[in-house]
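I am keeping these entries as I go through the structure, beginning with one chain as a whole and then turning to the contact between chains and to a single residue.

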Amino acid sequence: MKIFRWLAAALLTLVIAVILMVRTIGSGLGEMSVANGNWVTNVSTGSADAGVMLKATIAIGGLLASTRENSMYYRLNSVAGESLRLNCRYRIAGDDYDADWWSITAYGWDNYLIPNKQKRYSFNNENIVRREDGSWVITIASEQQAGNWLPVGPSGAPTWRKLPDYDFDLLLRLYTPGRSYLEQPQSAALPTVTVEGCS
Amino acid sequence: MKWLKWCVGVFLCAWVGQYLLAMVVPNLVMELVYHRGGKLMEYNTLAVRPRPDESMRLVVRPSPDLLYANCIYNLEQGPLIIQAPVPKRYWSMQFYQMNTNNFAGITNQRDERDRVGTVVNVTLIGPDKNAADYPGEVIQSPTQRGMLLLRASAIGDDTASRAALEQSSCRPA
């Protein structure tokens, strides 16, 4: 009888440990994450000094990420605390950034590129259509939009596997970022994302 | 009261246990990629990947603005020679060990701009080898197995980037 009690306790411990780990990983990039508006980054991504939870988070949601000297990754999965939804339309407004090149990519909740007929998954500093002053606007929506439209839709993985609260997220890559990103990732210039409306 | 002690004990063990489990996750994920990748390509050879789209699901979060080539390596049989022409636009060669650490990297950016137009020639050796025994540029992997990833800009005209990756190689020394 005593052995069954110990076995049950061990099993319960394992289940709770898994739940706690999944919750921690699902909550973001770990304790060392840095917020800049709605964007979140982690300066230890890819490096040997990354914490245990960050390494696990990156392994699941960003495997083979480079260290920040090579590229910095800012992730956004909510705007003003509201998770990104497929039934909403979002506006990203930006300019140019102190990096060799940059791109903004939409990923499904399953961490893969979102299937779409247009085969458009991102915009970068070269293919984006700009205004006369060099600034630009991207519209993210599941329905076709004028201008720089980044289509989103259901992720490729079956919905029963969905754990995150958001339907998709955005990843801003800054390759060979300038000093402002390396030294002040919490305040360096980034695009602003706003909700235009939800159906 | 005895039940309370059990509950506290289970929760404390679980709290510590989540970190122990998290320590295993990167190795598990890399093992999965190592073995799944091994079914798609030979180890110790370089494979140039098609431009990423929604069908690319070997590694999470591929960038559609990059071209990739990878070499899943196993150094048990000896070092590897990696050769790669360096294009003008963004390019990098990154090395990952089996716990996902990006332990070494070469790029054509910043103070490495002089690599543009040259051919990188790297000897990748295992943790049990002595770097001083090998000529030229030597990178020592902390683990016998791991992955080399070449990235090249696919923005705009990707002809030069694609050619650079296709002319690259990863082979036993």
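**Chain A as a whole**

I began with the contacts inside chain A and found that, of those with a separation of 6 or more, 68% join residues 24 or more positions apart. I note here that I am working from a predicted model, so I treat every value as computed from it.

I then looked up the secondary structure, and I count 3 helices and 12 strands in chain A. Taken along the principal axes, the C-alpha atoms of chain A fill a box of roughly 80 × 40 × 25 Å. I also checked burial, and of the 199 residues in chain A, 40% are buried.

**The contact between chains A and B**

I next asked how many residues each chain brings to the contact, and I found 48 residues from chain A and 42 residues from chain B. On the side of chain A that touches chain B, I listed the elements that supply at least two residues each, namely helix H1 (2-26), helix H2 (52-61), strand E7 (99-108), strand E8 (122-124) and strand E11 (168-177). The largest share of that side comes from H1(A), with 10 residues. Sorting the side of chain A by class, I get 26 nonpolar, 17 polar and 5 charged residues.

**H2(A) against H1(B)**

I followed one helix pair across the contact: the axes of H2(A) and helix H1 (residues 2-40) of chain B come within 8 Å and cross at roughly 35°. I recorded the crossing of H2(A) with H1(B) as left-handed. From H2(A), the residues that make the contact are Val52(A), Met53(A), Lys55(A), Ala56(A), Ala59(A) and Ile60(A), and from H1(B) they are Tyr19(B), Ala22(B), Met23(B), Val25(B), Pro26(B) and Val29(B). I sorted this contact by class too, and it has 11 nonpolar residues, 1 charged residue and no polar ones.

**Leu67(B)**

I finished with one residue of chain B, Leu67(B), which I located in strand E2 (residues 66-74). Is Leu67(B) buried or exposed? I counted 22 C-beta neighbours inside 10 Å, and because the cut-off for burial is 20 or more, I entered Leu67(B) as buried.

Setting aside the neighbours within four places in sequence, I found Leu67(B) in contact with Arg51(B), Ala152(B), Ala154(B), Asp158(B), Ser161(B), Arg162(B) and Leu165(B). For one of these partners, Asp158(B), I looked up the spacing as well: Asp158(B) and Leu67(B) are 91 residues apart along the chain, while their C-alpha atoms are separated by 8.4 Å.

Technical notes: Residues are numbered from 1 along each chain as its sequence is written. Chains are lettered from A and ligands numbered from 1 in the order in which they are written. This is a predicted model: local features need pLDDT of at least 70, side-chain atom pairs count only at pLDDT 80 or more; totals for chains, interfaces and linings use all residues. Two residues are in contact if their C-beta atoms, placed from the backbone, lie within 7 Å. Helices (H or I, at least four residues) and strands (E, at least two) are DSSP runs, numbered from the N terminus. Ala, Val, Leu, Ile, Met, Phe, Trp, Tyr, Cys and Pro count as nonpolar, Asp, Glu, Lys and Arg as charged, and the others, Gly among them, as polar. A residue is buried if 20 or more other C-beta atoms lie within 10 Å of its own, exposed if 12 or fewer, and partly exposed in between; C-beta atoms are placed from the backbone. Axes are lines fitted to C-alpha atoms, for helices over the stretch in contact, and angles run from 0 to 180 degrees between N-to-C directions. A crossing is left-handed if the near helix is turned anticlockwise from the far one by less than a right angle, and right-handed if clockwise.
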